[in-house]
Amino acid sequence: MYLLNRIQRHRVNYTWMIVSLVLVASLPFLLFLGLYLKSFLLIHDYHLGDLLFSKEWKPGSGKFGFYPFIVGSIWVTLIAMLISGPICILTAIYVTQYTKKRFLRIMHPAIDILAGIPSVVYGLWGILVIVPFISDFVGPLFGVKTLGYSILAAGLVLSIMIIPFILNILIEIFRTIPIELKEASLSLGATQWETIKHVLFKKALPGIIAAFGFGLARAFGETMAVLMVVGNVVNLPKSVFDPGYTLPALIANNYGEMLSIPKYDSALMFAALILLAVSLFFNLVMHFFIDRYNKLAA
Amino acid sequence: MMLDMEMNKIHIENLNVFAGRQQILKDININIPKNKITVILGPSGCGKTTLLKCMNRLTDLYPELKVTGKVLINDKNVLDPHADIVTLRQYMGLLMQRPYPLPMTIYNNIAYGLKLRGVKSRRDLHKQVMHYLQLANLWDEVRHRLREPASRLSIGQQQRLCLARGLAVNPEIILADEPTSALDPISSQYIETKFTELKNDYTIVLVTHVLRQARRIADYVVFMYLGEVIEQGTVEEVFGNPKMEKTKQYLGGTFN
């Protein structure tokens with residue numbers, strides 16, 4: 001009787017584990033399917049190319065061009081990557097190659113704290129520090145009149161936000177390169193810098209690309225902090241000092257309002273679908289390169 | 001005759017290495033003869049590898065190690081903090097326990113060291129890459145796949161690539177740290193045979209804990225135990241007529 005009970009319990013738990021697994025594994029597909037169905041109204045009535053590349057966004061008169069939002073998102077993400085990428089690589093190299101191990105133990109909590117700050121706090125900081133910094137200092141420096149709420153402000157705030165995520169991966173990658181590889185290069189008469197440049201960097205390259213892909217996906221999807229400083233004006237930015245609008249900000253600002261406009265609801269779902277597709281794409285790319293790094297490391 | 005100073009390539013004087021409070025090497029004094037194979041023999045953990053790393057100062061990579069004493073190569077003290085260690089390291093080629101090919105093509109693994117040495121023209125590079133791959137008996141196996149990543153070679157081929165890479169910086173000394181321990185018997189035998197050929201042109205220092213390997217190829221033997229040199233001499237002296245009790249026990253297989 002007792003034994004039977006145990007076997008039954010085993011079976012029940014086993015079933016639940018399978019159910020959980022299937023649920024988790026199918027979630028991305030369900031999300032995708034849900035968004036697709038909800039935005040079907042829009043996709044059915046408009047040409048996909050028009051939706052993606054038309055500049056006109058006038059939901060009231062049935063014009064849904066996502067181009068300004070897509071361009072805004074790309075600009076903001078690129079600026080963030082251009083700033084944080086080099087900083088992360090240099091920091092990771094310095095921390096893993098030039099400092100004592102004790103320093104790394106102090107660095108890690110500091111980085112984790114940066115990663116744990118809520119994005120709305122970054123947004124506030126952006127409004128209080130970055131926006132005035134751009135309107136009062138950077139803009140005049142380039143002879144541009146700007147309110148500060150701009151693509152550049154969003155890019156700057158984002159760059160700070162994604163540093164901890166990229167940096168943590170990079171440090172891990174540089175730390176796991178076997179010390180023997182360094183010894184091999186040094187013993188051939190290379191200097192430490194030559195060793196870093198020609199050997200360690202090359203060894204880490206797939207990992208670096210993966211880390212950047214991860215940061216890119218995060219930056220592209222970041223909503224709150226960007227929304228607070230980007231200006232939220234639907235136009236094609238001519239320079240980084242112009243205000244802009246991003247896809248996540250579009251959804252967050254408008255969902256729940258003005259849903260009486262026909263197809264507006266569908267349009268926002270379509271924006272979400274684009275976001276999901278982009279982040280899925282970067283995730284796949286990232287995994288491809290992580291796999292390659294692991295294979296090379298083995 | 002072996003201890004004639006003129007014939008010696010490396011002098012190690014009063015070498016001590018500490019890791020914190022623990023002493024890893026204690027008062028090492030060794031003379032390593034030119035154009036011979038000197039085997040540093042001893043059980044695992046006796047400091048053989050650390051001794052080898054002192055010779056080309058790879059100990060720099062381990063900030064926890066404190067090194068005192070002298071390692072003289074061509075009368076230059078490697079351990080002198082003002083020594084031009086980058087140049088001094090090119091006097092020595094290093095072969096490690098496992099092959100660590102650089103993350104680049106087979107060709108560039110050799111060309112890397114050549115470029116560091118200042119070889120620039122493509123023709124010279126190509127000629128020398130071929131030369132050193134031939135010297136390590138690898139050329140025939142890789143001549144059609146020079147542009148492939150070195151990681152695709154078998155582990156035995158990789159070790160020969162590392163040998164060629166080490167020889168390409170034109171060293172006078174070869175430092176080898178149990179270079180056959182990860183290899184299959186055929187590749188191991190190949191490396192041993194190669195060493196006996198190479199000793200005509202190079203001074204070879206081989207670290208091993210394999211008694212039979214030492215007996216097969218050593219000219220000069222340094223026996224170490226727990227960070228100290230217990231006994232050193234020609235292979236006939238140490239293997240044929242060991243003076244110290246520890247050496248006798250080790251050779252007799254009491255411990256290994």
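The following questions and answers walk through a predicted model, from its core to its chain contact and one of its sheets.

Student: Which helix of chain A gives the most to the largest nonpolar core?

Tutor: The largest nonpolar core has 150 residues, and those with the most contacts inside it are A153(A), I166(A), L170(A) and V230(A). One of these, V230(A), touches residues that include V76(A), Y149(A), A153(A) and Y245(A), leaving aside those up to four places away in sequence. The helix that gives the most to this core, with 18 residues, spans residues 151-175 of chain A and is α7.

Student: Which element gives the most to the side of chain A that touches chain B?

Tutor: Between the two chains, 20 residues of chain A are in contact with 21 residues of chain B. On the side of chain A, the elements giving two or more residues are α8 (179-187) and α9 (192-221). That side divides into nine nonpolar, five polar and six charged residues. The element that gives the most to it, with nine residues, is α8(A).

Student: Which strands stand at the edges of the open sheet of six strands in chain B?

Tutor: The order of this sheet, which has mixed pairing, is β6-β7-β8-β3-β9-β10. Two of the strands of chain B each have a single partner strand, so one side of each is left without a neighbour in the sheet, and these are β6 (92-95) and β10 (228-234).

Student: What is the bridge partner of D177(B) in β8(B)?

Tutor: Strand β7 (residues 173-177) of chain B runs parallel to strand β8 (residues 203-208) of chain B, and five bridges join them. In β8(B), the bridge partner of D177(B) is V207(B).

Note on methods. Residues numbered from 1 in each chain as written. Chains lettered and ligands numbered in written order. Predicted model: local features only at pLDDT ≥ 70, side-chain atom pairs only at ≥ 80, totals over all residues. Core = buried A, V, L, I, M, F, W, Y, C linked by C-beta atoms within 7 Å. Buried ≥ 20, exposed ≤ 12 C-beta atoms within 10 Å, placed from the backbone. Helix = DSSP H or I, 4+ residues; strand = E, 2+ residues; numbered from the N terminus. Contact = placed C-beta atoms within 7 Å. Nonpolar A, V, L, I, M, F, W, Y, C, P; charged D, E, K, R; others polar. Pairing = 2+ DSSP bridges.
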